[in-house]
Amino acid sequence: MSSPTGKVSLQIFLLILSLSTVSGVPEFTISPDRGTVLTISNSQGKGCQVCTGSGRSRRCSVSLSLKDNTPVSLTFDCTRPQDVFTVEVVQNIECTVKSCSDHIVPADSGSLPLLDFTRRFIWNLKASAPKAFKIDFNKAGLRQINPSERCPDSHTYTLQVFQTTGNVAVGKYCRTGSITSAQILNQGRFTLEIPARQKLQSSQFDVSVGEEIKSLARVSLTLPKGTSSSELLSPNYPDTFPDDDVMEWYFQVPQKHRTAVHFLNLTQPQCLKKETAVEYHSKGRGALVLGLTDVQPTQSQGDFSLTLRNCEMDRRRSGSPGLSLNIKVSASSTTSTVKCKVDLSKLGGLSLHIDKVRPASDCEMKMNSVLKEKITVTSTSELTFQDCLPDDVNVTATGVIGCSDLKDCPKTPVPLLVPLLPSCLPAPLSSVTWTLRPAQHGTVQLTSPTGPLKQSLPGQVCNDSILFKVAEEGGGTIGHFCPRGVIRKIQIHTNVSVTWLSNMRGRMQRTYFKYVLNASFEKEIPERYIFTVSPVKDTPVLLATPGWPVGMAFYSTVSWIVSVPPKMEAHLMFPNLSQPKCSNRHTNIRVQRVGSPEEDYSRREDEEAEPEITVPESFYLNMSNCMPERGDFSVITKITLQKAQNHLLAILSVVAALLAIFVIVLVVVCVVVRKKKKKLDHQVDVYNPNGTSFLPGANGHPKSDDESEYHVYASIEDSLVYTHLLKKGAEIGVYGDFDTYRPFPGHSDSQKPLVSKNAGADDTEVDDPRPIRPSSQPGPPLPNRPPSHGQSLVDNELYQQRKQTQEGDSSNLGARMEPEGGN
């Protein structure tokens, strides 16, 4: 039954929208229906607020809940509240052992202002034990998608189960599919999410009392007549299925149809108790229990159920995987003949290839009435398939895009689209390969229309349904990539093949084009590969050399242009580094800041790499390979963006500490010197050139002009006492010539006698203590220093314009010579 109170929608609110503008701020009058709660909340938790009332009674908050069918006027203290607020409509539905209180009936009021908000409709459902509650998805049904996928019509449904051990995500769904109903034990939640500015498409799902099930959920599917394939995912996919739990799927199979089950992307846990298993139950046949890695059976005909059982997992071991898998169920008529017309003009310039991959199967393929094992469609053709299951054939597409001269190349990026194939084909498209051939002095540039890309690596795995491989034409793989990463642009200086691969082969790929990449042809670049990267704060990113884990091609070069925002710094590590033994040239890893002529870091294969490098600005990371004698050059670089430390403040702190220590030492030295000086002042010798010495006192010897204060000494060397004797000795020829140091004019201070080096010589030579003056002759030449052994970094639109140095051939490696102060 359906009542007006059960309709959960924007009409439920009865948004009596008097969109008026008060000082440019939108105002709404909202009246929620009874039995529903409308919540308007700021997803950012700060900034814009929603307000009720006016004047002194005005109240503002980042969230507001309304109920009880009471009209409320709302205003926002910002001009675009739809950018930060989300609207949620919650309704509770309870089921007794006989009936349920309401149905799930989303409907749209057509109120334009609330269409600008992201809306989420939530139905909380509760069953009465021992029964479950059941949701029927009417004739159109639903189909399950990967959690990272979005629905073509932007209407995304999710189903959750509430257990005492935690919430379990049964799945994420789009409209139109083979899933007809779901039963949930105890409590659950059904959610419909619609993005901003998307009008709600009306539908109704009936809620009723279910069966006494023994699993957390039971999902039922009705397979269509003819050839079909359905994709299902284990609960919480790609995360682990709940510990020691059970999930069930029930399949209604048309008459004279056979089905086949295959498990894809399987991960199994370490079990403490029991074992993981799958059970098959069908009418008139006993239960069949198999392991997850066993060959799954082919059902000749009739309905059947599939039950997945998890063990008690050992999650204490680090890196221990849980249980997750993708279940593919294929169905076909036992005597089915399907005629299929393929119009090549709708394939976007691609050729279609259909290969029979199971020779022992009953599948027969014909093109224009001619029996074939392989079919290549290059023009409009009539195809016939008899008893062909999805696993019997493989469907691929290929195309070539190129130009002989740069001026003849496409001026705008070429979109690489996965084509829409006719549903009469026995299997969906498994891959599309585009071969991109630039001009002789050109470059292929790849960008994603949906945002930066991620490289698939250990610890950074792609779980998306979109995965593509980039390789050199006729050569090795450059890498595997998927959406939601940090690589904004890939540039390759050679012919390239781009292959889109499907992780989830299912009917969803028949419904719409997939926009994979944009390809453009640009001017020549000096490197073989260039990646433009924009890391995100506190999110480590892994970058691998082309071809990883296989080494780079001989003499090839690769550069990453890494953007570092202001007040941030990048931390580089090389957690996986493999170096070869070079027979010619060297491998090199270099880091250089954008706009700086100096290298921040440079290492060859015969030098130990730093454990971590910190770069405070945008920089180039350049790597080049040698001609290996043995081994390969392959590197994984880990880059983490963090807030920059205030190095100036740290330096000032150190300087202040050193200054304080210096002041303390200076004070101590001064105190010690003063004490020592006072002690010496009690008894001082006075030198009298007339030969009479006396002690200082009140009635001391009177001073003349010639006996000024520079005759008074705190201490005197013995030689000074006998200076007058030395002078007399010089006059009578006993001593040789000597210089006298005169600190003041007209009088000589202490001077030691200078002794001749050769006493018996006629000309007496005396050491001269005067300072040595600089020679006018030039000094010895500076040593020649070799130029930097490194190759210049990549030169493109972000690089500083500088002359490219040409690599020279070197037959002998020799020892590395570096300028002083270098790396």
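This passage describes a sheet, several disulfides and some unusual backbone geometry in a predicted model.

The sheet considered here is an open one, in which 4 strands follow the order 20-29-22-26 and the pairing is antiparallel. Its edges are formed by strand 20, which covers residues 228-233, and by strand 26, which covers residues 298-299, and each of these edge strands pairs on one side only. In general, the strands of a sheet pair through backbone hydrogen bonds, and the pairing may be either parallel or antiparallel. Between strand 20 and strand 29 (residues 324-333), which run antiparallel, there are 6 bridges. Within this pairing, Ser 230 has Val 329 of strand 29 as its bridge partner.

A search of the whole structure finds 10 disulfides, and those described here include the link between Cys 95 and Cys 100, whose sulfur atoms lie 1.9 Å apart. The torsion about the S-S bond of Cys 95 and Cys 100 is about 105°, and the disulfide is therefore right-handed. Cys 95 and Cys 100 are both buried.

Another disulfide joins Cys 340 to Cys 424, with an S to S distance of 1.8 Å. Here the torsion about the S-S bond is about 55°, so the link of Cys 340 and Cys 424 is right-handed. This pair links distant parts of the chain, since Cys 340 belongs to strand 30 (residues 337-342), while Cys 424 is placed in the loop between strand 37 (414-418) and strand 38 (429-437), 84 residues apart. The two cysteines can also be described by their accessibility: Cys 340 has a relative accessible area of 0% and is therefore buried, whereas Cys 424, with a relative accessible area of 22%, is partly exposed, because the class called buried requires a value under 20%.

A disulfide also joins Cys 363 to Cys 388, again described by its S to S distance, which is 1.9 Å. With 80° about the S-S bond, the link between Cys 363 and Cys 388 is right-handed. Cys 363 lies in the loop between strand 31 (351-356) and strand 32 (364-367), and Cys 388 lies in the loop between strand 35 (381-386) and strand 36 (393-402), so the pair ties together parts that are 25 residues apart in sequence. Cys 363 is buried, and Cys 388 is buried as well.

The backbone was examined next. Most residues other than glycine have a negative phi, and most peptide bonds are trans. A cis peptide bond is nevertheless found between Ala 129 and Pro 130, where omega is about 5°, and Pro 130 is located in the loop between strand 11 (118-126) and strand 12 (132-136). The peptide bond from Trp 548 to Pro 549 is likewise cis, with omega near 5°, and Pro 549 is located in the loop between strand 47 (541-544) and strand 48 (557-562).

Positive phi values occur at Arg 197, which is not a glycine and has a phi of about 65°, and at Asn 265, also a residue other than glycine, where phi is near 50°. Arg 197 is placed in the loop between strand 17 (187-194) and strand 18 (206-209), and its relative accessibility of 56% means that Arg 197 counts as exposed. Asn 265, by contrast, is placed in strand 22 (residues 257-267), one of the strands of the open sheet described above, and with a relative accessible area of 43% Asn 265 is partly exposed.

Technical notes
Residues numbered from 1 in each chain as written. Predicted model: local features only at pLDDT ≥ 70, side-chain atom pairs only at ≥ 80, totals over all residues. Heavy atoms only, no water. Pairing = 2+ DSSP bridges. Helix = DSSP H or I, 4+ residues; strand = E, 2+ residues; numbered from the N terminus. Disulfide = S-S within 2.5 Å. Buried < 20%, exposed > 50% of the residue type's maximum accessible area, 1.4 Å probe, protein only.
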